[in-house]
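This briefing sets out side-chain interactions for a structural reader. The topics are salt bridges, disulfides, aromatic pairs and nonpolar cores.

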Amino acid sequence: DSVVWNGNEFINCWDHGRELQLAISNGNGECYNPTECGSSDDSQKLTTTSRLLSVSAVGSNLQTLSLPAFWLAPGQREPNPSPTCTVAKNTVLLSDYMITKNVSIGVGNIQNAIEYRFAIKIPQNDAQFQVEGPTGYMTIDYSDFFSIDLSTGRLTPVSHAAGEIAEPLVFSTPNGQYAMGAFVKYAEPGTTVTYAKFFFALSPLPNGTSKWSNVMRTSNVRAGTEYTGLTYICVGSLEQVALCMVQVNRI
């Protein structure tokens, strides 16, 4: 729920949804949405419906094993309904999607890079399977959005319009002093990878959030499958993040 660099907080941890975390769905949006940090009803509580089974934090490495809560409780209605999601499809509060996560700060000699590895044990046959691996909810200060060419580091401004693009994203403060970018280094064969962006200018403005997501989608996943992924995240100034992402991509 916190990423700090040079004394600056990147994450808007308003509730159990606005974090840097993994979130799973199967084509039904938030109506079937195991969420690593907890449920909608957990809100601003200090407790979570998700279950942390083990944790190890040694030096610059964090490892966790957890079962994510469904975002909506059984029977709970989706506040922003869509054709695929009006009311929760799950019948229990806690999912059986076992998440193993291994996060390390520093990649080789690149100290402003974060290596984010995960594995998800799939408990059922899923015709559609999607993981935000991970997604980051940033403070509203990160209002400048860019796509990045990982081969050159060239940054191209992109709009706040919600959607997905093929290129990785970098979010920055307007002065370029602080930025965060992320890209998928590995996803399972048959996976389609896109990068999603959202800008929620909630009122009053400090309550807003800028959201990026590394979206991995595949189909016909069998029960018992272990789905794995690797993402790299870079923090720093806008210039430092662009350089970091190019360097890590070459590893």
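With which residue does Glu164 form a salt bridge? The partner is Arg217, and the closest N and O atoms of the two residues are 2.7 Å apart. The model discussed here is predicted. It holds four salt bridges, two disulfides and eight aromatic pairs, and its largest nonpolar core has 54 residues.

**Salt bridges**

- The salt bridge of Glu164 and Arg217 links distant parts of the chain, with Glu164 in strand 15 (residues 163-165) and Arg217 in strand 19 (residues 209-221), 53 residues apart.
- Glu164 has a relative accessible area of 38% and is therefore partly exposed; Arg217, at 33% relative accessibility, also counts as partly exposed.
- Glu36 forms a salt bridge with Lys101, and here the closest N and O atoms are 2.7 Å apart.
- This pair, too, links distant parts of the chain: Glu36 is in the loop between strand 4 and strand 5 (51-58), and Lys101 is in strand 10 (residues 98-107), 65 residues away.
- Glu36 counts as buried because its relative accessibility is 8%, and Lys101 counts as buried at 11%.
- Glu115 and Arg117 form a salt bridge whose closest N and O atoms are 3.2 Å apart.
- In that pair Glu115 counts as buried, at 17% relative accessibility, whereas Arg117 counts as partly exposed, at 39%.

**Disulfides and unpaired cysteines**

- Cys31 and Cys85 are joined by a disulfide with an S to S distance of 2.0 Å.
- The torsion about the S-S bond of Cys31 and Cys85 is about 85°, so this disulfide is right-handed.
- The bond of Cys31 and Cys85 links distant parts of the chain, from the loop between strand 3 and strand 4, where Cys31 lies, to strand 9 (residues 85-87), which contains Cys85; the two are 54 residues apart.
- Both Cys31 and Cys85 are buried.
- The sulfur atoms of Cys234 and Cys244 are 2.1 Å apart, and these residues form a disulfide.
- With a torsion of about -70° about the S-S bond, the disulfide of Cys234 and Cys244 is left-handed.
- Because Cys234 lies in strand 20 (residues 226-236) and Cys244 in helix 1 (residues 238-249), the pair ties together parts that are ten residues apart in sequence.
- Cys234 counts as buried at 0% relative accessibility, as does Cys244 at 1%.
- Counting bonded cysteines along the chain, the disulfides follow the pattern 1-2, 3-4.
- Cys13 is in no disulfide, and its nearest cysteine sulfur, that of Cys37, is 10 Å away. Cys13 is partly exposed, with a relative accessible area of 41%.
- Cys37 is likewise in no disulfide, the nearest cysteine sulfur being that of Cys13. Cys37 has a relative accessible area of 23% and is partly exposed.

**Aromatic pairs**

- Among the eight aromatic pairs is that of Tyr32 and Phe70, which is edge-to-face, with 4.8 Å centre to centre and 65° between the planes.
- Tyr32 is in the loop between strand 3 (20-25) and strand 4 (34-35), and Phe70 is in strand 7 (residues 69-70); the pair links distant parts of the chain, 38 residues apart.
- Tyr32 and Phe70 are both buried.
- Why is the pair of Phe145 and Phe171 stacked? The ring centres lie 3.8 Å apart and the planes are at 0°, so the pair is stacked.
- Phe145 lies in strand 13 (residues 144-148) and Phe171 in strand 16 (residues 169-172), so the pair ties together parts 26 residues apart in sequence.
- Phe145 and Phe171 are buried, and with Phe199 they form one aromatic cluster.

**Nonpolar cores**

- Within the largest nonpolar core, of 54 residues, the members that touch the most others are Phe10, Ile120, Phe129 and Val131.
- Leaving aside neighbours within four places in sequence, the contacts of Phe129 include Ile24, Tyr97, Ile120, Ile122, Met216 and Val221. Arg217 is also one of the contacts of Phe129, and Arg217 is the salt-bridge partner of Glu164.
- Apart from the core of Phe129 lies another core, of five residues, among them Cys31, Trp71, Leu72 and Cys85. Cys31 and Cys85 are thus members of this core and are joined by a disulfide.

How values were computed:
Residues numbered from 1 in each chain as written. Predicted model: local features only at pLDDT ≥ 70, side-chain atom pairs only at ≥ 80, totals over all residues. Heavy atoms only, no water. Core = buried A, V, L, I, M, F, W, Y, C linked by side-chain atoms within 4.5 Å. Buried < 20%, exposed > 50% of the residue type's maximum accessible area, 1.4 Å probe, protein only. Contact = heavy atoms within 4.5 Å. Phe/Tyr/Trp six-rings, centres within 6.5 Å; stacked < 30°, edge-to-face > 60°. Helix = DSSP H or I, 4+ residues; strand = E, 2+ residues; numbered from the N terminus. Salt bridge = Lys/Arg side-chain N within 4 Å of Asp/Glu carboxyl O. Disulfide = S-S within 2.5 Å.
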